[in-house]
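Trainee: I would like a close look at one part of this model. Please take me through the metal site and the sheet around it.

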Amino acid sequence: MIDIHTHILPACDDGSPDMETSLKKIRKMAEAGIDGIVLTPHFMRNQYHNTFNVITSKFKELKSQLKKENIPVNIYQAAEVYLDGNIIKDIESEKLVIADTNYVLVETNLTGLPSNLFDILYELVKSGYRPILAHPERYANIINDPSSAEDLVHRDIYMQLNAGSLIGHYGRSVKKAAWYLLEKGLTHFLASDDHCKSENYSLPAAMEEIRKQIDDYTVKLLTEVNPEKMLNNEKIDFFYLESTEDAPKGLLNRIFR
Ligand SMILES: [Fe+2]
């Protein structure tokens, strides 16, 4: 299992404050069956200016600690990039993609999606990047109208749900939006977005809930199949569910390709 969104790289954003905290969390993740972790410190121009050199030196340090302590987890270098007009320049100069692939984890303003969001995303896609929108279920616009997320997927944007959203960590309205996106097949990845704020690790509980309410395959798709394709820089299907007329009301007939 691969967790594609974490703030566990020590001392570079509002996530893990130090190496000890990072190692403690990674040990816990390994026990939970995680064998790959994508490290995605924030890249925000005016707040967290994590350049390639900064991220790379901390990444190397963490990697050597994991080796020293025999913790059996692979780590991958990346960032969570705050979308703004200069984004392509920053992604190129600071190599902010996920582990040398064309995939890039992006976020934007939680209280209101910017009016030029589609333009920025279009430029990214046109330049050959494969944007993954972090936690769509947390954006006010999508909470108010979860069906609007489909428009983003039609524009070749992948969606990454936060595990905590499905189990109520961000409140009822986020939880409702998250389950909507999952049930409608508008979700490509499930990740923790762990900031090392507590010892709790949200992924196993959310996976268990998906297993109960949907099925095992969805868990595998979102935490193994798609993350592996992403790391191999293979294209992932944007749509993997189809509704059929004779399906029971409110349910989608699941067709995995
Ligand atoms: Fe994040």
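Mentor: Start with a single pairing. Glu80 has Leu105 of β6 as its bridge partner. The model is predicted. Glu80 belongs to strand β5, residues 80–82. Strand β6 covers residues 103–107, runs parallel to β5 and is joined to β5 by 3 bridges.

Now widen the view to the sheet. The sheet is open and has 6 strands, ordered β3-β5-β6-β7-β8-β9, with parallel pairing. Its edges are β3 (42–43) and β9 (189–191), each of which pairs on one side only.

Next, the metal. Glu80 is also a protein donor of the iron ion, through OE. The other protein donors are His5 (NE2), His7 (NE2) and Asp193 (OD). These donors lie 2.1 to 2.3 Å from the iron ion. Along the chain, their spacing reads H-x1-H-x72-E-x112-D. What about the geometry? The 4 donor atoms subtend angles of 80 to 168° around the iron ion, so the arrangement is irregular. A tetrahedral label would need all angles between 85 and 135 degrees. Both histidines can be checked for burial, where the cut-off is under 20% relative accessible area. His5 is at 0% relative accessibility and therefore counts as buried. His7 counts as buried too, because its relative accessibility is 1%.

Follow β6 onward. Thr108 sits in the loop between β6 and α4 (117–126). With a relative accessibility of 4%, Thr108 counts as buried. Neighbours within four places in sequence aside, the contacts of Thr108 are Tyr82, Leu83, Leu113, Pro114, Leu117 and Tyr139. Of these, Tyr82 falls within β5, the strand of residues 80–82.

Two helices complete the picture. Helix α3 (residues 87–94) lies across β3, β5 and β6. Its direction is at about 150° to β5. Helix α10 (residues 216–231) lies across β6, β7 (130–134) and β9. That helix runs at about 105° to β9. Strand β6 is thus crossed by α3 and by α10.

Finish on α3, with Ser93, which is located in that helix. Ser93 is partly exposed, because its relative accessible area is 44%. Its C-alpha atom is separated by 8.0 Å from that of Phe52, and the two residues are 41 apart along the chain.

Note on methods:
Residues numbered from 1 in each chain as written. Predicted model: local features only at pLDDT ≥ 70, side-chain atom pairs only at ≥ 80, totals over all residues. Heavy atoms only, no water. Pairing = 2+ DSSP bridges. Helix = DSSP H or I, 4+ residues; strand = E, 2+ residues; numbered from the N terminus. Contact = heavy atoms within 4.5 Å. Axes fitted to C-alpha atoms, helices over the stretch in contact; angles between N-to-C directions. Donors = N, O, S within 2.8 Å, 3.2 Å for Na, K, Ca; no water. Tetrahedral: all angles 85-135°; square planar, octahedral: opposite > 155°, others 65-115°. Buried < 20%, exposed > 50% of the residue type's maximum accessible area, 1.4 Å probe, protein only.
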